[in-house]
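Colleague: I am new to this structure. Could you take me through it in questions and answers?

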Amino acid sequence: MQLISASHTPESAESWAAGCTAWSSADPRAVDAFAVADLRMHRAMADERPGEGWPTAMAEAAQAWVDHRGIR
């Protein structure tokens with residue numbers, strides 16, 4: 001999320017993460033589940049802190065990642 005919120009594309013962020021063994025060996029379904037959980041968490045944080053910009057930026061980054069992964 002940090003990379004995506006810092007203007008990296010989801011593709012770029014995943015490419016960078018591919019260098020990590022934990023990422024490259026992870027079950028794609030587990031990564032999808034994590035992406036959805038992360039989106040829910042950041043949406044809740046943004047709802048709880050409407051006057052702060054960073055939770056909204058993180059929720060937008062999480063949504064971009066979920067969209068990139070094709071999760072519905």
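**Helix packing in a predicted model**

Modeller: α2 and α5 pack with their axes 9 Å apart and at an angle of about 80°. That angle makes α2 roughly perpendicular to α5. Keep in mind that this is a predicted model.

Colleague: Which residues of α5 does α2 meet?

Modeller: The α2 side of the contact consists of P10, E11 and E14. The residues of this contact of α2 with α5 divide into three nonpolar, one polar and three charged. On the α5 side, the residues met are A64, W65, H68 and R69.

Colleague: How many residues does α5 have, and what does it reach from its first C-alpha to its last?

Modeller: Helix α5 covers residues 53-69. The span expected at 1.5 Å a residue is 24 Å, and the model comes close to that. The helix has 17 residues and reaches 25 Å.

Colleague: What arc around the axis do the buried residues of α5 cover?

Modeller: The buried residues in α5 are P55, M58, A59, A61, A62, W65 and V66. They lie on the same side of α5, because the arc they cover around the axis is only 160°.

Colleague: Which residues are exposed on the other side of α5?

Modeller: Exposed here means a relative accessible area over 50%. On the other side of α5, the residues that are exposed are G53 and E60.

Colleague: Which helices do the buried residues of α5 pack against?

Modeller: Contact is counted for heavy atoms within 4.5 Å. The buried residues of α5 pack against α1 (2-5), α2 (10-17), α3 (21-24) and α4 (28-48).

Colleague: Is H42 buried or exposed?

Modeller: H42 is found in helix α4. Leaving aside neighbours within four places in sequence, H42 is in contact with M1, P55, M58 and A59. Buried means under 20% relative accessible area. H42 has 6%, so H42 is buried.

Colleague: Where is S7, and is S7 buried or exposed?

Modeller: The phi of S7 is near 85°, a positive value in a residue other than glycine. S7 is placed in the loop between α1 and α2. The relative accessibility of S7 is 69%, so S7 counts as exposed.

Colleague: What phi does G70 take?

Modeller: G70 comes just after α5. The phi of G70 is positive, at about 75°.

Notes:
Residues numbered from 1 in each chain as written. Predicted model: local features only at pLDDT ≥ 70, side-chain atom pairs only at ≥ 80, totals over all residues. Heavy atoms only, no water. Helix = DSSP H or I, 4+ residues; strand = E, 2+ residues; numbered from the N terminus. Expected span 1.5 Å × (residues − 1). Buried < 20%, exposed > 50% of the residue type's maximum accessible area, 1.4 Å probe, protein only. Arc of directions from axis to C-beta. Axes fitted to C-alpha atoms, helices over the stretch in contact; angles between N-to-C directions. Parallel < 35°, antiparallel > 145°, perpendicular 65-115°, else oblique. Nonpolar A, V, L, I, M, F, W, Y, C, P; charged D, E, K, R; others polar.
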